[in-house]
Amino acid sequence: MNVTDRQFKVALTGDFFEEDGAGKFRDMGLSVLEAYPRIDHFALSEFRNPIGAEQLDETQGVIVLTPAVTAETVSRAQNLLAIVRFGVGYDTVDVGACTEADVGVFITSGAVDRSVAEATVGWMIGLTHHILVKDRLVRSGKWDDRTRYMGGELRDRTFGAVGLGGIARETIRLLGGFGMNDPIAFDPFVESKVASDLGVRLVDLDELLSTADFVSIHCPLNDDTKGLIGATELALMSQNAFLINTARGGIVEESALKSALESGSIAGAALDCFEQEPVLDANPLGELENVLLAPHSIAWTDELFRDIGRRACAIMIDLAEGKAPSGCVNPNVFDRRGFQKKWARFKI
């Protein structure tokens, strides 16, 4: 078998690039691939959402920023081995359809932890110090209104994580120097000893909501978590508590959140993700001064994209060398005959 027969082709979705083909982002970690001449990487010539099946006909792997991956996307996956999400969320990927098509679905576990954690801490400080409204006071010449907006510190407050994965753990580590109370978390998939070793007390969701000064969402969006935080749950929170969602829209019911914020039953909120994305019209939550909003990019940094890209490329390198990468969300695909057949020529 010659080198050409073993060429491993990696596509990147069009939203990584400008119309002239230039990369939108400073560093996507693609330099990692330069040491592997058998791996070719290229941009899909057209951005489609969802990705079109014919776009991937000759491709072994695709790195996906925002478009969906559907059953139709993988309906012609005679060569395709891997869908790699540029991040850790995969609610826009039909994992079941990928498995049936003998395609592995991978996420870049660990690469996002630091950046999202920093953003979470930044939002906690921004909310408690009324950064948005104080900025507007200066811009609008309302200097003397500052006495109406006394802030608060993180000191002696309680951080509550809904989900205790890598991002929540890194957030808790970063908060270690602020003099906060011991953190709490709700995560039915984490053992109490693991949490205890991290200095975290596991509680049920109701106790977390009624106890935490900051309720921070760090769980995936799935059938169990869709609408997890609605009117009933928000009613359990303190009037001095803040809700932060850097995970996925749909976990928090936005209409219920707006009502809670307007009534003063909670102190404020920060959202990086929404029930419907992209948000192209004015979001009703933007009318409130105790809310911080971002277009699903609050954690986007040069370092984040570099680290995610490096991890995505490492997954492709492992597959091209016949190794099973980490970060697979459907690991049973490795046992499927169709997957093994496609992968066989790279395992020599």
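This passage looks at a few unusual backbone spots in a predicted model.

Two peptide bonds turn up in the cis form, and each leads into a proline. Going along the chain, one of them joins Asn49 to Pro50, and its omega is near 5°. Where does Pro50 sit? Pro50 is part of the loop that links β2 (39–43) and β3 (61–64). The other cis bond runs from Glu277 to Pro278, with omega near 0°. Pro278 also belongs to a loop, this time the stretch between β11 (268–271) and β12 (291–293).

Next come two residues that catch the eye because of their phi angles, even though neither is a glycine. For Asp156, phi is positive, at about 65°. Asp156 is placed in the loop between α3 (131–139) and β6 (159–162). Is Asp156 buried or exposed? The relative accessible area of Asp156 is 55%, so this residue counts as exposed, given that the label applies over 50%.

His296 is the other case: its phi is positive as well, near 50°. This histidine lies in the loop that runs from β12 to α9 (302–320). So β12 has Pro278 in the loop on one side and His296 in the loop on the other. How accessible is His296? Its relative accessibility comes to 23%, so His296 is classed as partly exposed, since buried would need a value under 20% and exposed one over 50%.

Put together, the picture is one of loops: Pro50, Pro278, Asp156 and His296 each sit in one.

Technical notes:
Residues are numbered from 1 along each chain as its sequence is written. This is a predicted model: local features need pLDDT of at least 70, side-chain atom pairs count only at pLDDT 80 or more; totals for chains, interfaces and linings use all residues. Side-chain values use heavy atoms; hydrogens and water are left out. Helices (H or I, at least four residues) and strands (E, at least two) are DSSP runs, numbered from the N terminus. Buried means under 20% relative accessible area, exposed over 50%, partly exposed in between (1.4 Å probe, protein chains only).
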